[in-house]
Amino acid sequence: IRRHVGAGRLWAACIHLVHQYSLSLPLISRCCGPEAAMVVFRKSLRHVAKSGEVWCEGARIFLNPTSHLFHLENAAKCLNFALFFTPQYGDSIIEVSLEEELHNRHCES
């Protein structure tokens, strides 16, 4: 990332790995997990704020129901930014649809 600071895909991969590690290795949870992923996400936005992949990872952080960062409205905002910056990719549209479905189910219960 230091060498290619403007590569959104690398930032997105880093955010994903930092977020994912806490789910499988509890001993690493101090330096990884949703909170650490949020730190990387915020830092990435200083360099690649127009990366749809980075915004999708931000949404993933907010969609983690085991985290105190869980927030459906923030996830929706992230997905809308992802869709705005990379409308050519269909996966952003799918993720927005899934988030809306999750939000509707959450509101019904």
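**Exercise 1. Burial and fold**

What percentage of the 109 residues in the chain do buried residues make up? Then describe the secondary structure and the contacts.

Solution.
- Start with the source: this is a predicted model.
- Burial: 37% of the 109 residues are buried.
- Secondary structure: the chain has five helices and zero strands. Along the sequence, the pattern reads α-α-α-α-α.
- Contacts: take those with a separation of 6 or more. Residues 24 or more positions apart account for 51% of them.
- Surface: the chain exposes about 7,200 Å². Carbon and sulfur atoms supply 59% of that area.

**Exercise 2. Aromatic rings**

Classify the pair formed by Phe41 and Trp55, and place both residues in the chain.

Solution.
- Count: the ring-pair rule gives four aromatic pairs.
- Geometry: the centres of Phe41 and Trp55 lie 5.5 Å apart, with 85 degrees between the planes.
- Distance test: the cut-off for a pair is 6.5 Å between centres, and 5.5 Å falls within it, so the rings pair.
- Angle test: planes over 60 degrees apart count as edge-to-face. At 85 degrees, this pair is therefore edge-to-face.
- Location: Phe41 sits in helix 2 (residues 34-47), and Trp55 sits in helix 3 (residues 52-62). They are 14 residues apart, and the pair links distant parts of the chain.
- Environment: Phe41 and Trp55 are both buried.
- Network: ring pairs join Phe41, Trp55, Phe81, Phe84 and Phe85 into a cluster.

**Exercise 3. A surface patch**

Which residues form a nonpolar patch on the surface? Check the accessibility of Val5.

Solution.
- Members: the patch consists of Ile1, Val5 and Leu10.
- Area: together they have about 210 Å² of accessible area.
- Position: Val5 lies in the segment before helix 1 (8-24).
- Accessibility: Val5 has 35% relative accessibility. Partly exposed covers the range between 20% and 50%, so Val5 counts as partly exposed.
- Patch test: a member needs over 30% relative accessible area. Val5, at 35%, passes that threshold.

**Exercise 4. Cysteines**

How many disulfides does a search of the whole structure find? Examine Cys56, then compare its burial class with that of Cys14.

Solution.
- Search result: zero disulfides.
- Cys56 distance: the closest cysteine sulfur belongs to Cys78, 9.0 Å from the sulfur of Cys56. The cut-off is 2.5 Å, so this gap is too far for a bond.
- Cys56 burial: its relative accessibility is 9%, so Cys56 counts as buried.
- Cys14 burial: its relative accessible area is 24%, so Cys14 is partly exposed.

Notes. Residues are numbered from 1 along each chain as its sequence is written. This is a predicted model: local features need pLDDT of at least 70, side-chain atom pairs count only at pLDDT 80 or more; totals for chains, interfaces and linings use all residues. Side-chain values use heavy atoms; hydrogens and water are left out. Rings of Phe, Tyr and Trp (its six-membered ring) pair if their centres lie within 6.5 Å; planes under 30 degrees apart count as stacked, over 60 as edge-to-face and the rest as tilted. Helices (H or I, at least four residues) and strands (E, at least two) are DSSP runs, numbered from the N terminus. Buried means under 20% relative accessible area, exposed over 50%, partly exposed in between (1.4 Å probe, protein chains only). Contact means heavy atoms within 4.5 Å. Accessible areas come from the Shrake-Rupley method with a 1.4 Å probe; for residues, only the protein chains shown count as cover. Patches are made of residues with over 30% relative accessible area and no salt bridge: like charges are joined within 9 Å, nonpolar side chains (Val, Leu, Ile, Met, Phe, Trp, Tyr) within 5 Å. A salt bridge is a side-chain nitrogen of Lys or Arg within 4 Å of a carboxyl oxygen of Asp or Glu.
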